[in-house]
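Please look through the sequence and the predicted model shown here before reading on. The report below takes up the bound molecule, the metal site and some unusual points of the backbone.

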Amino acid sequence: MSRPAWTRNSAHQARSLGKTEATGMAKREIIIAPDPVLRKTATKVEAVDDRVRALMDDMLETMYDAPGIGLAAPQIGVLERVIVVDVSAKDEEPSPLRMANPEVVWTSDETFTYEEGCLSLPEHYAEVTRPAEAKIRYLDEDSAPQELHAKELLATCIQHEIDHLNGILFVDYLSALKRSMILRKLTKMKKAKAA
Ligand code: K1U
Ligand code: ZN
């Protein structure tokens, strides 16, 4: 049975309407690096069915709560090729994107540099340069094939999330020294939290 239309509109809107419990959406735990799950390659979904739609809604709930502008399924321990993104500003209407099996089919030569963060690498930020524009092919929440021409922050965020599906983290674009410093700090932080 398909869900009511409003629950598929936006987890953010649903929460602000106080309807999170009624939808059955759930906030999931975000996996912090270093963790082997974040280095695995995720598998394609066969189709976007009710199970995948529920996963997408949980991911949006988790992303808005963090808060973040994107999330990939491996970050909550699910090794499937599913991402969610919403780069709308605070004073704009939410514009969540739910994508299954996203693929970059074209990128511009022009680049865009942005100080990236990652919910799996809390409190660490670094400039990363990526193509400024990208065409993305994906399945939407109704399993319909779509193509999106993304620019600047949206393009950066989608590329960052697709990297997660391939076990790549933004620190992999930094020098080995910077990467190992960040990962060592996170190991220490996790040990301190576990103690
Ligand atoms: O994939 C993730 O871990 C989410 C990540 C996405 C991302 C951020 C910046 C560049 C590329 C991809 C985040 O959302 S980190 C948090 C963040 O950027 C943010 C949080 C609150 C308001 C605005 C931005
Ligand atoms: Zn990330």
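## The shell around ligand 1

Helix α5 gives the most to the shell around ligand 1, contributing 5 residues. This helix covers residues 152-165, and both α5 and strand β4, which covers 111-116, supply at least two residues each to that shell. In total 15 residues surround ligand 1, and those that come nearest are Ile69, Gly70, Gln75, Leu119 and Glu161. When the shell is sorted by class, it holds 6 nonpolar, 7 polar and 2 charged residues.

As for its place in the protein, ligand 1 sits in the largest pocket of this predicted model.

## Polar contacts of ligand 1

Oxygen atoms of ligand 1 take part in several contacts with the protein, and these involve both backbone and side chains. On the backbone side, an N or O atom of Ile69 lies 2.8 Å from an oxygen atom of the ligand. On the side-chain side, a polar atom of Glu161 lies 2.7 Å from a ligand oxygen, while an N or O atom in the side chain of His164 is 3.4 Å from an oxygen atom of ligand 1. Taken alone, ligand 1 exposes 530 Å², and the protein buries 79% of that area.

## The zinc site

Which residues coordinate the zinc ion, ligand 2? The donors are Cys118 through its SG atom, and His160 and His164 through their NE2 atoms, at 2.0 to 2.3 Å. Cys118 belongs to the loop between β4 and β5 (126-131), whereas His160 belongs to helix α5, and this pair, 42 residues apart, links distant parts of the chain. Along the sequence, the spacing of the zinc donors can be written C-x41-H-x3-H.

His164 therefore appears twice in this report, since general reading of the two sites shows its side chain within 3.4 Å of a ligand 1 oxygen and its NE2 atom among the donors of the zinc ion.

## Unusual points of the backbone

Most residues other than glycine have a negative phi, and most peptide bonds are trans. Against that background, the peptide bond from Ala33 to Pro34 is cis, with omega near -5°, and Pro34 is placed in the loop between α3 (20-23) and α4 (50-65). A cis peptide bond also joins Ala66 and Pro67, where omega is about -5°, and Pro67 is found in the loop between α4 and β1 (70-72).

Glu123, which is not a glycine, has a positive phi near 70°, and this residue lies in the loop between β4 and β5.

Conventions:
Residues are numbered from 1 along each chain as its sequence is written. Chains are lettered from A and ligands numbered from 1 in the order in which they are written. This is a predicted model: local features need pLDDT of at least 70, side-chain atom pairs count only at pLDDT 80 or more; totals for chains, interfaces and linings use all residues. Side-chain values use heavy atoms; hydrogens and water are left out. A residue is near a molecule or strand if one of its heavy atoms lies within 4 Å of it. A polar contact is a pair of N or O atoms within 3.5 Å; within protein, one must be able to donate a hydrogen and the other to accept it, and residues adjacent in sequence count only if both atoms are side-chain atoms. Accessible areas come from the Shrake-Rupley method with a 1.4 Å probe; for residues, only the protein chains shown count as cover. On a 1 Å grid over the protein atoms alone, a cavity is a set of points where a 1.4 Å probe fits but cannot get out, and a pocket is an open set with protein on both sides within 12 Å along at least five of seven lines; lining residues have an atom within 4 Å of a point. A molecule sits in a cavity or pocket if more than half of its atoms lie within 2 Å of its grid points. Helices (H or I, at least four residues) and strands (E, at least two) are DSSP runs, numbered from the N terminus. Ala, Val, Leu, Ile, Met, Phe, Trp, Tyr, Cys and Pro count as nonpolar, Asp, Glu, Lys and Arg as charged, and the others, Gly among them, as polar. Donors are N, O and S atoms within 2.8 Å of the metal (3.2 Å for Na, K and Ca); water is not among the atoms, so sites may look incomplete.
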